[in-house]
Amino acid sequence: MRIAVLEDEPAQMSHLVDMLENHLLNKVDEPVSCVPFYSGEDLRDALRTESFDLLVLDWNVPDLDGLQLLAWLRRQRESTVPVVMLSARNSERDAVRALDAGADDYIIKPFRPLELAARLRRLVAPAQSTAKGAQERFGSWLFDRSASSVQFQLAVGEHARWVSLSDSEFHMALALFRNLGRPVSRAHLLERVGREGESSSRALDSQIYRLRTKLRLNIENGLRLHTVYGQGYRLEFCEHGVAEQERGGVQGAYGQHAA
């Protein structure tokens with residue numbers, strides 16, 4: 001789980017990052033990594049090429065405040081990534097302004113760490129993360145986290161097949177499906193598998209190629225996995241394909257797992 005944190009006070013930033021990486025880590029099924037930003041302009045520049053599972057924005061920061069950044073994100077970028085606004089502003093009017101601008105939650109400083117962590121988990125945890133939450137379904141593709149495998153049945157009468165993936169392939173594929181229709185940056189995908197550097201970037205391209213083949217992510221099956229120049233990769237619906245009749249099922253499942 002990749003979280004961008006906007007906060008201009010170093011002490012507050014350290015406190016936030018420590019809280020997020022520790023309290024969230026105990027409650028979700030994947031590592032939590034926070035990327036700190038001390039100015040709104042820096043975060044806006046990053047959002048042009050990077051992707052995150054969640055944004056935590058302080059309202060009052062230099063050059064571009066959290067509310068301005070949020071408005072840009074929702075209107076110009078048309079991004080649906082969950083956003084939590086943190087602010088010392090405690091009036092009802094300010095809370096309404098933030099929520100109307102597209103914030104998913106508004107939390108007043110000083111915040112209570114456990115409450116903040118609980119609110120963030122509500123936004124990012126998959127809807128089916130229950131006692132049986134080892135599996136997540138996206139239309140015809142069923143992910144089994146306990147076995148790092150994916151099952152799919154793409155044609156009427158076809159037997160369902162299980163495909164085993166390496167841990168890195170599995171986490172990459174899950175990130176792409178959870179962000180269906182949205183670009184996922186190369187840095188985001190590399191972070192999911194704990195790698196970085198030029199050689200790892202080349203390895204990423206090879207793994208993406210294998211995922212296309214193993215999971216049959218092609219136009220004929222209603223999905224397309226393609227490169228987004230300057231950003232990374234995006235898995236999205238095709239307008240045509242044999243699996244077009246299942247589009248509604250995939251959309252419905254994605255709506256349940258949006259992160």
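How many helices and strands does the protein have?

1. The model under review is a predicted one, and in it the protein has 9 helices and 12 strands. Of the 259 residues in the protein, 51% are buried, and the accessible surface comes to about 12,400 Å², with 49% of that area belonging to carbon and sulfur atoms.

2. On the question of how contacts are distributed along the chain, one restricts the count to residues at least 6 apart in sequence, and within that set 57% of the contacts join residues at least 24 apart.

3. One open sheet deserves a separate look: it is formed by 3 strands in the order E10-E12-E11, with antiparallel pairing. Strand E10 (184-185) and strand E11 (223-228) are the edge strands, each of them pairing on one side only. Between E11 and strand E12 (residues 232-237), which run antiparallel, there are 6 bridges, and His-226 has Arg-234 in E12 as its bridge partner.

4. Helix H6, spanning residues 167-178, lies across E10, E11 and E12, and the angle at which the helix runs to E12 is about 55°.

5. Glu-136, which is found in strand E6 (residues 135-138), is a residue to inspect at the side-chain level. Glu-136 counts as buried because its relative accessible area is 1%, where the cut-off for buried is under 20%. The side chain of Glu-136 makes a polar contact of 2.5 Å with the side chain of Arg-145, and there is also a polar contact, at 2.4 Å, between the side chains of Glu-136 and Arg-178.

Methods. Residues are numbered from 1 along each chain as its sequence is written. This is a predicted model: local features need pLDDT of at least 70, side-chain atom pairs count only at pLDDT 80 or more; totals for chains, interfaces and linings use all residues. Side-chain values use heavy atoms; hydrogens and water are left out. Helices (H or I, at least four residues) and strands (E, at least two) are DSSP runs, numbered from the N terminus. Buried means under 20% relative accessible area, exposed over 50%, partly exposed in between (1.4 Å probe, protein chains only). Contact means heavy atoms within 4.5 Å. Accessible areas come from the Shrake-Rupley method with a 1.4 Å probe; for residues, only the protein chains shown count as cover. Two strands pair if DSSP finds at least two bridges between them. Axes are lines fitted to C-alpha atoms, for helices over the stretch in contact, and angles run from 0 to 180 degrees between N-to-C directions. A polar contact is a pair of N or O atoms within 3.5 Å; within protein, one must be able to donate a hydrogen and the other to accept it, and residues adjacent in sequence count only if both atoms are side-chain atoms.
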